[in-house]
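Visitor: Please take a single part of this structure and look at it closely. Start from one residue, say what surrounds that residue, and then work outward to the neighbouring elements.

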Amino acid sequence: MAKLNKNLQTKYELNLAEQGLTREQVIATERKLAKFANAMDSVVRIPFTKQGMGADAALSTIPLAGDLAGLALTSYAFVLGCKLGVPVSKMTPAVRLALIDTVVGIIPAVGTLLDIFIRPSRKTLSIVHRHIEEEYGIRDTTHMDRPFLHQSLEDKQRNSRLWRNPIVAWLYLHIPDIIGLIIIILIGWGLWGIGSWLVEVFSRSTGFG
């Protein structure tokens, strides 16, 4: 097992060297792609879903010109993928989706609505990560799930040992989750309070309980 892991590690290092890349460069570039995908496809997320709206949907409200501009911007995601050594053939599904997005986007109103669900930049990110996982052995997704926080944390870690502490780093990266959990607890506590008050009012009014 140890020999197999060593062979895999050697393979990953050779693949990186062949592309003239380091592990750090791959992570930094994929993080840049994740930021771009967020801006294009999910700046504002629909509550309780993984769907969102971004610059691509906003551009599609401008007939034809906006859709062509969206296609041009989306091509940046393909450029970043190529920089990471992803073959063009692998990115074909994302390119096809980008073209469909452009054609559909021309349809007034309906095109803008469908843009929420047709997300070529997000598709490109998924393809790229699958590639670097297989070819470079990079499986961690923190830098793509939370690209802005990850970048900020990396900057802090250069200047302070405190931020290199695993627990501190984890807490920082999960700030949105912690805030979300606190909000859910507060909402639950509020609903419980309202429910208890209503039960008390009902009991007093009817004499039950």
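**A loop residue and its surroundings**

Guide: I118 sits in the loop that runs between α6 (110–114) and α7. The model is a predicted one. Although it is a loop residue, I118 has a relative accessible area of 14%. That value is under 20%, the cut-off for burial, so I118 counts as buried.

What does I118 touch, leaving out residues up to four places away in sequence? The partners are D56, L97, I100, D101 and V104. There is also a C-alpha distance to give here: I118 and T102 lie 16 residues apart in sequence, and 9.9 Å separates their C-alpha atoms.

One of the partners of I118, D101, deserves a separate look. D101 belongs to helix α5. With a relative accessible area of 5%, D101 is buried. The C-alpha atom of D101 is 8.9 Å from that of G70, a residue 31 positions away along the chain.

From here the view widens to the packing of helix α5, residues 92–105, against helix α4, residues 65–83. In general, two packed helices are described by the angle between their axes and the distance between the axes. For α4 and α5 the axes come within 9 Å and cross at roughly 165°. Because of that angle, α4 is roughly antiparallel to α5. The crossing of the two helices is right-handed. On the α4 side, the contact consists of D67, L68, L71, T74 and F78. These meet A94, V95, A98, L99, T102 and G105 of α5. By class, the residues of this contact are seven nonpolar, three polar and one charged.

T102 thus appears in the contact with α4, and T102 is also the residue whose C-alpha atom lies 9.9 Å from that of I118.

On the other side of the loop that holds I118 comes α7. How do the axes of α4 and helix α7, residues 120–136, cross? They come within 9 Å and cross at roughly 10°. That angle is under 35 degrees, so α4 is roughly parallel to α7. The residues that make the contact are T74, A77, F78 and G81 in α4, with P120, S121, T124 and V128 in α7. They divide into four nonpolar, four polar and no charged. T74 and F78 of α4 take part in this contact, and T74 and F78 are also among the α4 residues that meet α5.

Another helix pair can be described in these terms. The axes of helix α2, residues 23–41, and α9 come within 9 Å, with a crossing of roughly 140°. This makes α2 oblique to α9. Here I27, R31, A34, K35 and N38 of α2 contact P147, F148, H150, Q151 and E154 of α9. The classes in this contact are four nonpolar, three polar and three charged residues.

α9 also belongs to what covers the buried residues of α10, as do α8 (142–145) and α11 (175–206). In helix α10, residues 166–173, the buried residues are A169, Y172 and L173. Viewed down the axis of α10, these fall within an arc of 95°, so they line one face of the helix.

As for the whole, the protein chain has eleven helices and two strands. Of its 209 residues, 33% count as buried, I118 among them.

How values were computed. Residues are numbered from 1 along each chain as its sequence is written. This is a predicted model: local features need pLDDT of at least 70, side-chain atom pairs count only at pLDDT 80 or more; totals for chains, interfaces and linings use all residues. Side-chain values use heavy atoms; hydrogens and water are left out. Axes are lines fitted to C-alpha atoms, for helices over the stretch in contact, and angles run from 0 to 180 degrees between N-to-C directions. Helices (H or I, at least four residues) and strands (E, at least two) are DSSP runs, numbered from the N terminus. Angles under 35 degrees count as roughly parallel, over 145 as roughly antiparallel, 65 to 115 as roughly perpendicular and the rest as oblique. A crossing is left-handed if the near helix is turned anticlockwise from the far one by less than a right angle, and right-handed if clockwise. Contact means heavy atoms within 4.5 Å. Ala, Val, Leu, Ile, Met, Phe, Trp, Tyr, Cys and Pro count as nonpolar, Asp, Glu, Lys and Arg as charged, and the others, Gly among them, as polar. Buried means under 20% relative accessible area, exposed over 50%, partly exposed in between (1.4 Å probe, protein chains only). The arc is that of the directions from the helix axis to the C-beta atoms.
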